[in-house]
Amino acid sequence: MPTQSTSKQLWRDVQVFDGLVQLSEAMTVLVEDGRIAGLWPAREFNEAHAEGAACAGRGGVMTPGLVDCHTHLVYAGNRAGEFEQRLEGVSYEEIARAGGGILSSVRATRAASEDELIAASLPRLDALLADGVTTVEIKSGYGLTVADELKMLRVARRLGQLRPVRVITTLLGAHALPPEYAGRADDYVSLVCDEMIPAAAAEGLADAVDVFCEGIGFSPAQCERIYQAAKAHGLAIKAHAEQLSNLGGSALAARYGALSADHIEYLDEAGVRAMAEAGTVAVLLPGAFHVLRETQLPPIELLRQYGVPMAVASDANPGTSPICMPTLMANLACTLFRLTPREALSGMTAQAARALGRLDLGRIEVGAPADLCLWDIQQPAELAYAVQAGRLRQRVFKGEVVYAR
Ligand code: DI6
Ligand code: FE
């Protein structure tokens with residue numbers, strides 16, 4: 001009798017969405033040693049492959065584990081009061097210029113210890129995991145001192161040790177100008193370039209560097225200095241760009257080979273072309289669009305025409321998207337931005353992984369890490385169509401079933 005190894009597992013009769021395409025037949029999926037070892041149409045499956053494998057599941061829809069490629073999950077406090085102010089007509093920019101907004105979260109986050117930030121962030125992470133996330137990007141950006149930015153990044157890394165999830169970290173030191181640098185934005189950018197980026201790189205705390213290129217953030221010239229420093233330290237580049245206005249931040253990011261430009265509601269055709277040429281992913285954040293009640297739509301049709309890959313992420317943050325439900329983002333990407341359900345699901349799997357520079361993730365293909373979700377639905381499009389918790393039957397991380405209902 002062969003011994004039954006738990007490292008070898010089989011799923012039978014599953015509908016597979018591989019991250020880019022939906023396979024039309026019921027499939028058999030074999031996972032071994034943390035990787036996808038085989039993928040066959042069920043009727044072509046040779047039972048010899050099943051030897052030593054435990055049957056881990058039958059039926060349902062299998063997708064890659066969801067990749068949330070843009071979050072600000074680590075922060076203290078909340079901004080429900082500002083939500084009420086905005087409903088009364090005060091704009092996000094007015095609140096920011098009056099010292100609220102991001103700076104209000106900065107005050108709370110600076111005052112919090114690492115353990116307090118872990119305690120505040122874990123429920124948010126758990127909400128993402130319960131909705132199928134296996135990889136999450138987490139940005140700093142509410143510290144804005146060297147010590148507080150590194151504290152946030154350490155918390156993000158620790159979250160990845162506390163839960164079965166891959167955490168990719170991004171240094172967003174250029175998120176807002178801290179009050180102690182008022183009127184000295186260039187000096188603050190020097191701090192980011194000369195101290196924050198080198199320290200984060202030296203401690204291995206950041207995988208990428210992001211900027212907020214905006215009137216209430218940093219100018220393209222300042223962002224460019226930050227990109228040069230990031231490149232000098234071998235870190236990948238991302239941008240919050242064209243969210244509230246068009247400053248050309250996406251084209252700048254693309255010129256520096258950015259992995260992604262995110263938000264991009266105000267992106268123009270020149271920016272789309274630059275992103276297409278550089279292979280920069282467009283990360284769509286319908287949660288922020290929804291919460292800010294924006295009306296300027298990202299140029300979806302142009303992105304399609306130029307073949308720019310589109311990812312969808314939660315932007316989970318205390319100000320513009322206090323929402324920790326990626327499948328709701330798929331729904332909003334369809335209803336608000338008119339993505340097709342398949343584009344939305346690709347956007348939360350293969351394309352999101354691309355936005356993190358992880359071409360090995362977000363796909364169900366032989367050899368790829370076995371980060372998978374099994375859903376109790378009839379077809380993948382339902383993940384975008386219906387907004388409903390509790391449809392996740394299993395979450396598989398590195399080949400292990402880490403959640404089962
Ligand atoms: N744009 C956003 O939507 C988030 N950051 C950014 O640059 C919002 C962050 C916040 O309001 O706390
Ligand atoms: Fe963001």
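A salt bridge here is a side-chain nitrogen of Lys or Arg within 4 Å of a carboxyl oxygen of Asp or Glu. By this rule the count comes to 25 salt bridges.

Before you start, note that this is a predicted model: local features need pLDDT of at least 70, side-chain atom pairs count only at pLDDT 80 or more, and totals for chains, interfaces and linings use all residues. Residues are numbered from 1 along each chain as its sequence is written, and side-chain values use heavy atoms, with hydrogens and water left out.

**Exercise 1. Describe the contact between the two domains.**

Step 1: Find the parts. Domain 1 covers 8-64 + 365-404 and domain 2 covers 66-355; these bounds come from an automatic or database domain assignment. Their centres, taken over C-alpha atoms, are 31 Å apart.

Step 2: Look at who takes part. Domain 1 brings 25 residues to the contact and domain 2 brings 24 residues, where contact means heavy atoms within 4.5 Å.

Step 3: Work out the area. The size of an interface is often given as the accessible area lost when the parts come together. Between domain 1 and domain 2 about 1,900 Å² is buried, with 65% of this area from carbon and sulfur atoms; buried area is the accessible area (1.4 Å probe) that two parts lose on being put together, summed over both.

Step 4: Check for charge pairs. The rule finds 1 salt bridge across this interface. Asp371 and Arg166 meet through their side chains in a salt bridge, 2.7 Å from N to O.

**Exercise 2. Characterise the side of domain 1 that touches domain 2.**

Step 1: List the contributing elements, using helices (H or I, at least four residues) and strands (E, at least two) as DSSP runs, numbered from the N terminus. On this side of domain 1, β5 (61-64), β14 (372-375), α15 (382-385) and β15 (392-397) each supply at least two residues.

Step 2: Pick out the main contributor. That is β15, which gives the most, with 4 residues.

Step 3: Sort by chemistry. This side has 17 nonpolar, 4 polar and 4 charged residues. Ala, Val, Leu, Ile, Met, Phe, Trp, Tyr, Cys and Pro count as nonpolar, Asp, Glu, Lys and Arg as charged, and the others, Gly among them, as polar.

**Exercise 3. Compare the settings of two salt bridges, Arg110 with Glu180 and Arg304 with Glu301.**

Step 1: Take Arg110 and Glu180. Their side chains meet at 2.8 Å, N to O. Arg110 lies in helix α3 (residues 102-111) and Glu180 in the loop between β8 (166-174) and α6 (185-202), so this pair ties together parts that are 70 residues apart in sequence.

Step 2: Take Arg304 and Glu301. This salt bridge spans 2.9 Å, N to O. Both residues lie in helix α11 (residues 300-305), 3 residues apart, about one turn of the helix.

Step 3: Add exposure, where buried means under 20% relative accessible area, exposed over 50%, and partly exposed in between (1.4 Å probe, protein chains only). Arg110 is partly exposed at 25%, and Glu180 is partly exposed at 37%. Arg304 is partly exposed at 30%, as is Glu301 at 46%.

**Exercise 4. Examine the backbone at His263 and Ile264.**

Step 1: His263, in strand β11 (residues 260-263), has a positive phi of about 85 degrees although it is not a glycine. His263 is buried, at 2% relative accessibility.

Step 2: Ile264 is in the loop between β11 and α9 (269-278). Ile264 has a positive phi of about 55 degrees, although not a glycine, and is buried at 0% relative accessibility.

Notes
Chains are lettered from A and ligands numbered from 1 in the order in which they are written.
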